[in-house]
Amino acid sequence: MSGSVPKGSVDLTDCDREPIHQLGLIQPTGFLIAVSADWIVLHVSANIGSWLGVEPEDLLGTPLASVIGGEALHTIRGRLQVAHINGSVERAFGVRLTDTVPVCDVAVHLSGSAIVIEAEPSEGEGPQDSGSLLRSMIARVQNTRGFEAFCRETARQMRALTGFDRVMVYRFAEDGSGEVIAESAVHGIGSFLGQRYPASDIPQQARRLYERNWLRCIADVNAQPVPVVPAFDPTGQPLDLTLSLLRSVSLVHVEYLRNMGVGASLSVSILRHGKLWGLFACHHRRARSLSFERRTTAELFGQMVSLLLEGREREQESQHEAQARRAHVRIMSMLADSESPLESLITFAGELRGLIQCDGFACCIDGELHLEGETPTREETLGVMRFLHRAPPSMVYVSDHLGAVHPPARDFTERACGLLAIPVSRTPRDYLVFFRRELVRTVTWGGDPSKPAQYGPNGPRLTPRKSFEAWKETVIGRSRPWSDVDLRTAESLRVTLLEVVLRLADVAGRARRQASERQELLIAELNHRVRNILSLVRALVRQSESGAETVQQFAAIVAGRIEALARAHDQITADNWGPASLRALIVAETGAYLSAKAERVRLSGPEVLLAPQAFSVFALVVHELTTNSAKYGALSDSGGWVEACWSIDGGGCLHIDWQENGGPPVRAPSRTGFGTTVIERSVPHDIGGQAEVTYVLSGLRARFMIPAVYVTVASAVPSAGRAGQPVPSVDFSIGGPVLLLEDNMIIAMATEDVLMSFGASRVNTAAGVRHALSLIDDDPPVVGVLDVNLGSETSVAVADRLRELGIPFIFATGYGESATMPERFAAVPVLKKPYGSEQVVQVLASVMG
């Protein structure tokens, strides 16, 4: 093809404007009738007389029923109903239109307000089970491994179905060009595999038709087309043959096929997400006609391949996306824990490069530039950043040909000619930039795609190129293209950084400041309380000196008073430093001190709660009353008892009456000791209440008034923790090995002694989860004692393993009632630290039976 195109000429893109769906011609292998909604004939093909024996001028304007039999018309109407619902072409096979016309295969569809009926003679290929054939073909395709094998097998199956000399799988690129990626051909006719063809070879309007009409068949390239008459309807519009199966072919396309040596062709669309992905391009060196039924099977095969292809490509993308998602989550979790997430992006450069495959990486944060891998120089990269400043600030920018839009980039294509930039802020402009180096590759075209066009012998039309010999082109200045998965990953990263991480960083910053302020406040409060406690203990020690004659007595007195305070503290903290029960206070104090004599203290009164300040004060008062009574009063012999009664007056104040009965005669003390001082003065002094102590022969009587501000009436006694633990029998024995998980050595040693004293054959002690799991496998225990918090880990994994093996266990914790455990362990007993041997054996008995 030589010479130039005359001035004012058209080029190959003019084919895009050719109305190929309105050529007014059909192929001569069949005939066409178009009727109105009331079945009046509007158009017919000029060859209608040779088929139905009625000439066009005699048929136009007459009812279709005058030439088509009633049964055939009924069949056509039924298929039209389906075509109307689906918006597609419907077919009927083996239809006898009249008694004199051979059996035909019929296709029917809607074209605007017209009903288009096309018919071809049945080919007589004999009955066949198209469903079984199609299932067999699809099964063979599904059994392939890999994308290339998949495409090769689809081409092979399509050639076996159609009998064409060559079947190609033709895939469209983003620029509109196409490439033969798979081929099945008879021996000796050469190969087009791997060749690329320019976008102009298949015009845009032809591509749109391929998306609407899955199948296009040209039985004989050299056949003379048949006109549709009349050419225009009464409104001056031609008949739209978009969905016509017999639609004739543009003369340019006919010449194109002749130049390729093609006598017949069949094209079956391959769609992805409703868009044209490629074609099955079938070529035969001679004319070849396929029956409607065989063409329908080919069309169904193309539709099934489209679905399978979408699944194959989606599977590959899903694997890539899953890897990217895992990396994304890992990066985000690390960034979220950072004080400055954006600055930490530099630290995670390697992770980011794994997230989006690249050859080089640049991170520009607050004007600071970090480069890694194959990148432009620092100055060149800053130039790229200035170029990116002109891009929209909230969009991922991508190019595989940076030099085309940023001319300075042509100087460093060997290092970076592809770019993907993620903006991570607006002010200042911060970016993550991924570079890809130049990928020099050779593209094999089916003929020179840049050959100039000339006018041909067909009037004002183009003569398509005649040479389809392989023509190689070396492509430079481009990188490997960025995939849709790359773009989705980049956008996800952009959104996360902008809308999540930055917000979390701001929230985390405020939370850290607030936590720091709370910590300082708590430290000051703790320091205050510790000093008060130490001062109180010091005072207790000094005031207890005068009441003791020996060191042992002194130690017992001090220990008793400190333990009374500890018991009160435990009861207060059980409800997070809230009010605690007066009844529980007296029961706990008398029970701890008097043991078996505790039932000789008789209590009566409503359920009331004392505020923490009053509770601690009155706990020491009850301790001194109980101690004095056990030493000198009603509880010092076997016959006396104590009555403790209380009530609420009209002002909400609490009145408590402590009366000793049946004990030895009581006399007022000759001197006032510390215990007496506590009883008489602590309530008035510390909480503004009243106290009165009377010494009579029948027994000591003490009356107290606690102000209403410290008193709350309760409907029931608050729970003191987990209840229902059985008291172990005297012969209770563990009788086997015990697993003790405790990270404090001193506590572990003390607990080990307790466990051994209750019949444990041995105690296997571990300080961490891994060691504990190993001990379970090596020496399965009969019971486990698990500290909840082990510093950097918890014992939950060990508890799960013991439960899996059916081994009972208990928890131990220093958090008291505030300890939080997984819901599945809600029924497991908990030892609250500090615990003694009695508590240990009680909870062990509750789980071991």
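Two helix pairs, one internal cavity and two unusual backbone sites are described here for a predicted model.

The first pair is formed by helix α4, which spans residues 130-142, and helix α5, which spans residues 147-162. Their axes lie 9 Å apart and make an angle of about 155°. Angles over 145 degrees count as roughly antiparallel, and α4 and α5 are therefore roughly antiparallel to each other. The crossing of α4 past α5 is right-handed. On the α4 side, the contact involves L133, M137, R140 and V141. These residues meet F150, E153, T154, R156, Q157, M158 and L161 of α5. By class, the contact of α4 with α5 comprises 6 nonpolar, 2 polar and 3 charged residues.

A second pair consists of helix α19 (residues 769-778) and helix α20 (residues 796-805). Here the axes come within 9 Å and cross at roughly 15°. Since angles under 35 degrees count as roughly parallel, this value makes α19 roughly parallel to α20. The crossing of α19 and α20 is right-handed. From α19, the residues in contact are V769, A772, L773, I776 and D777, and their partners in α20 are A797, V798, R801, L802 and L805. The contact of α19 with α20 contains 8 nonpolar and 2 charged residues, with no polar ones.

Within the structure, 4 cavities of 30 Å³ or more were found. The second largest cavity encloses about 50 Å³ of space. Its lining is drawn from separate parts of the numbering and includes Q27, T29 and E120. The lining of this second largest cavity also includes C217, A219, L245 and L246, together with S289, L290 and R295. Sorted by class, 5 of the lining residues of the second largest cavity are nonpolar, 3 are polar and 2 are charged.

Two sites stand out in the backbone. Most residues other than glycine have a negative phi, and most peptide bonds are trans. W39 has a positive phi, near 65°, although W39 is a residue other than glycine. W39 is placed in the loop between β2 (31-35) and β3 (41-45). The other site is the peptide bond that joins V229 and P230, which is cis, with omega about -10°. P230 lies in the loop that runs between β11 (226-229) and α7 (251-259).

Conventions
Residues numbered from 1 in each chain as written. Predicted model: local features only at pLDDT ≥ 70, side-chain atom pairs only at ≥ 80, totals over all residues. Heavy atoms only, no water. Axes fitted to C-alpha atoms, helices over the stretch in contact; angles between N-to-C directions. Helix = DSSP H or I, 4+ residues; strand = E, 2+ residues; numbered from the N terminus. Parallel < 35°, antiparallel > 145°, perpendicular 65-115°, else oblique. Left-handed = near helix turned anticlockwise from the far one by under 90°. Contact = heavy atoms within 4.5 Å. Nonpolar A, V, L, I, M, F, W, Y, C, P; charged D, E, K, R; others polar. 1 Å grid on protein atoms, 1.4 Å probe; cavity = no way out; pocket = protein on both sides within 12 Å on 5 of 7 lines; lining within 4 Å. Points joined across faces, edges and corners; volume = space filled by probe spheres on them.
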